[in-house]
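Work through the exercises below with the sequence and the model side by side. Each task is followed by a solution in steps.

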Amino acid sequence: MNYEDDYIMRLIHEIIRMLIKLLMNVDMKSPMAELFLEDIQQNKVDRWCRMIDSGEINKAENELSELMEERSTENLKAALRFYAYLNEKDEEFLVQNHFSREEIKMGLENLAQMYGAEGLTEIF
């Protein structure tokens, strides 16, 4: 992994941490390990992670978008877990599956906008 990719991964990680802190008033180091979900959302996140692993990133993100039509704290947590998991993938995996870190960042920007925190992701 080159320096630029590592830098972007860290930026995305910090955006996720910032959104969790601002929207849920929780400070955590690792959203994947510490952001607990209700069973229904956890099952969805587990399914999306399997889809990501099998290269169905766009399909998983489309399902996430449908879920986000109903704005709730649990759905926000699920979305942040989705993008945190996706951000852990290496650049080669993303390229092979026609996805990019820029798309991860755009997804997080959309989430921030949905929850009234638009513009906050621009500080990164």
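The exercises go from the whole chain to single helices and then to charged pairs.

The model is predicted, with local features needing pLDDT of at least 70 and side-chain atom pairs counting only at pLDDT 80 or more, while totals for chains, interfaces and linings use all residues. Residues are numbered from 1 along each chain as its sequence is written, and side-chain values use heavy atoms, with hydrogens and water left out.

**Exercise 1.** Find how many helices and strands the chain has.

Solution. Begin with the DSSP runs, numbered from the N terminus, where a helix is H or I over at least four residues and a strand is E over at least two. The count gives 7 helices and 0 strands, and reading along the sequence yields the pattern α-α-α-α-α-α-α. Next consider burial, where buried means under 20% relative accessible area, exposed over 50%, and partly exposed in between, with a 1.4 Å probe and protein chains only. Of the 124 residues in the chain, 45% are buried.

**Exercise 2.** Compare the expected span of helix α5 with the distance between its end C-alpha atoms.

Solution. The expected span is 1.5 Å times one less than the number of residues. Helix α5 (residues 73-87) has 15 residues and should therefore span 21 Å, which agrees with its end C-alpha atoms being 21 Å apart. Then turn to its surroundings: 14 of the 15 residues of α5 are buried, so the helix is largely enclosed by the rest of the structure.

**Exercise 3.** Determine which residue pairs with glutamate 109 in a salt bridge, and where the two lie.

Solution. A salt bridge requires a side-chain nitrogen of Lys or Arg within 4 Å of a carboxyl oxygen of Asp or Glu, and the structure holds 7 of them. The partner of glutamate 109 is lysine 105, with the closest N and O atoms 2.9 Å apart. Both lie in helix α7, and because they are 4 residues apart, about one helical turn separates them. An α-helix has 3.6 residues a turn, so residues three or four places apart point the same way. Glutamate 109 is partly exposed at 24% relative accessibility, whereas lysine 105 is buried at 19%.

**Exercise 4.** Describe the salt bridge between arginine 101 and glutamate 91.

Solution. The closest N and O atoms of this pair are 3.4 Å apart. The pair links distant parts of the chain, 10 residues apart, with arginine 101 in helix α7 (residues 101-114) and glutamate 91 in helix α6 (residues 91-96). Arginine 101 is buried, with a relative accessible area of 3%, while glutamate 91 is partly exposed at 21%.
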